Amino acid sequence: MVVASAPGKCILFGEHAVVYGQPAVAIAIDQRVQIEIQPTGKPGDVWKLDGMKFLPEKHPHLEGLRARIWHLSEETPSLSIKINSKIPSSAGLGSSAALSVAFTAALRAARGRRVDENGWCEGFSSETKTNPYPRPTKGKDPGFERNGGKRLLGQSSVDEDECAIMGHAIEAEAQQGRASPIDSSTVSHGGCILLSNDVKAGLDWKYSRSLETPEGIRNWEIHEIVIPTDDVWLVIGNTGCYSSTSELVSQVADLIEAEPQKMQVIETIGAITRRGVSALIKGDMEKVGRCMTENHLLLRNLGVSSPELENLVRAAAHSSLGVKLTGAGGGGCMIALTRNPKETGEAIELAGGYSFKTSLNAIGVRLDSDQGAPFWTPGVADS
Ligand code: MEV
């Protein structure tokens with residue numbers, strides 16, 4: 001059985017604007033999704049999800065990854081998948097990205113990764129964006145092991161970057177081609193992630209991503225930020241109302257098409273995010289909080305807040321450094337940056353929300369167990 005997990009995320013600055021190439025900052029949260037896979041028996045057997053028949057059309061995220069990493073053949077074992085999630089779904093906390101990233105890690109650990117003296121012989125990396133190794137036209141490569149190739153197993157086969165790429169590809173499919181890599185990168189790497197349209201000097205730059213969206217090619221540079229303070233928390237307030245990221249992203253796209261001047265709101269969110277980032281790096285949490293609250297007002301202007309979100313934002317404001325909705329909006333969650341998590345959590349609950357506290361440095365994707373792996377050792381033809 002292979003078990004992998006990934007955290008949810010919340011966005012501190014820049015949601016929606018990031019889809020248009022503006023910067024954004026997100027933080028991994030303490031709540032995680034865990035995914036468990038094991039072979040069901042013979043190749044060709046029915047795949048299972050939580051004990052029931054797996055229906056690919058109902059789970060496009062899982063099916064998209066299955067198609068990329070576990071292509072069906074006469075030798076590929078069928079799998080039984082179990083999901084255990086502590087991340088509320090459709091609530092703006094990155095539950096679908098966390099699921100994709102954890103499933104990628106589990107599938108990779110379940111098959112391992114072939115490497116030779118030049119490095120990876122299979123898999124996806126940011127340098128290549130896709131599998132760089134062409135498939136041979138027929139058969140396996142019997143000389144592979146003889147020629148010094150080997151298979152990485154366990155934790156060393158799992159790569160955060162590959163998990164993030166896969167997660168982004170799947171999010172983009174689900175959001176009609178308009179998805180930034182903010183969720184997938186954050187839940188893969190953990191901690192605090194900044195996306196921007198240029199490489200920021202002095203920050204830990206990780207890699208670039210690009211995507212062809214209906215509005216043109218978008219490019220993002222992904223960085224890690226270390227937050228130099230440990231006496232603040234985020235309290236997340238859940239309205240309990242579901243929202244669909246893909247619908248809200250389309251709603252903003254329609255708004256901008258109908259009222260092109262709204263692009264200024266997107267640009268102002270970008271400016272606030274840049275201010276928030278420099279405050280974050282200095283550890284000036286009071287200023288970070290003010291920028292978050294300003295960001296919220298602009299999101300409201302884009303029409304993605306809701307009466308329930310406004311209610312929780314108001315309730316949390318007086319005990320917090322800053323408050324805003326987080327993620328796509330339209331329902332889902334708000335966040336409060338606070339030095340008084342108990343008071344802030346209670347205020348949210350009194351106003352009718354569910355609250356939980358998270359630190360600012362949760363870890364990213366992790367292989368929790370890989371007993372009995374690999375389940376499948378594909379040859380070159382299946383790379
Ligand atoms: C969703 O968590 C964040 C959005 O900006 C969408 C995206 O970045 O793909 C609303």
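This section describes the ligand site, two helices and one further residue of a predicted model.

The ligand is considered first. The space that the ligand takes up is the largest pocket. Two elements give two or more residues each to the shell around the ligand, namely β1 (2–13) and α4 (182–189). The ligand is surrounded by 13 residues, of which K9, H16, Q175, S180 and D183 come nearest. For three of these residues, polar side-chain atoms were examined against oxygen atoms of the ligand. The separation is 2.6 Å for S180, 3.0 Å for D183 and 3.2 Å for Q175. The protein buries 97% of the 300 Å² that the ligand exposes when taken alone.

Helix α4, which contributes to the ligand shell, is mostly covered, with eight of its eight residues buried. These buried residues are I182, D183, S184, S185, T186, V187, S188 and H189. D183 is thus listed among the buried residues of α4, and a polar side-chain atom of D183 lies 3.0 Å from a ligand oxygen atom. After α4 comes G190, with a positive phi near 75°.

Helix α3 comprises the 15 residues 160–174. At a rise of 1.5 Å a residue, a helix of this length should span 21 Å, and the end C-alpha atoms of α3 are indeed 21 Å apart, so expectation and model agree. At the start of the helix, a side-chain oxygen of D159 comes within 3.2 Å of the backbone nitrogen of D161. D161 is itself buried, as are E162, C163, A164, I165, M166, G167 and H168, together with I170, E171 and A172. Because eleven of its 15 residues are buried, α3 is largely enclosed by the rest of the structure. In an α-helix there are 3.6 residues a turn, so residues three or four places apart point the same way. Just after α3, Q176 adopts a positive phi of about 50°. Q175 has a polar side-chain atom 3.2 Å from an oxygen atom of the ligand.

A further residue, E349, belongs to helix α9, which covers residues 341–350. The relative accessible area of E349 is 42%, and E349 is therefore classed as partly exposed, the limits of that class being 20% and 50%. E349 and Q251 are 98 residues apart along the chain, and their C-alpha atoms are separated by 30 Å.

Terms used:
Residues numbered from 1 in each chain as written. Predicted model: local features only at pLDDT ≥ 70, side-chain atom pairs only at ≥ 80, totals over all residues. Heavy atoms only, no water. Helix = DSSP H or I, 4+ residues; strand = E, 2+ residues; numbered from the N terminus. Expected span 1.5 Å × (residues − 1). Buried < 20%, exposed > 50% of the residue type's maximum accessible area, 1.4 Å probe, protein only. Polar contact = N/O pair within 3.5 Å; in protein donor to acceptor, adjacent residues only side chain to side chain. Near = heavy atom within 4 Å. Areas by Shrake-Rupley, 256 points an atom, 1.4 Å probe, with all protein chains shown as cover. 1 Å grid on protein atoms, 1.4 Å probe; cavity = no way out; pocket = protein on both sides within 12 Å on 5 of 7 lines; lining within 4 Å. Sits in = over half its atoms within 2 Å of the grid points.
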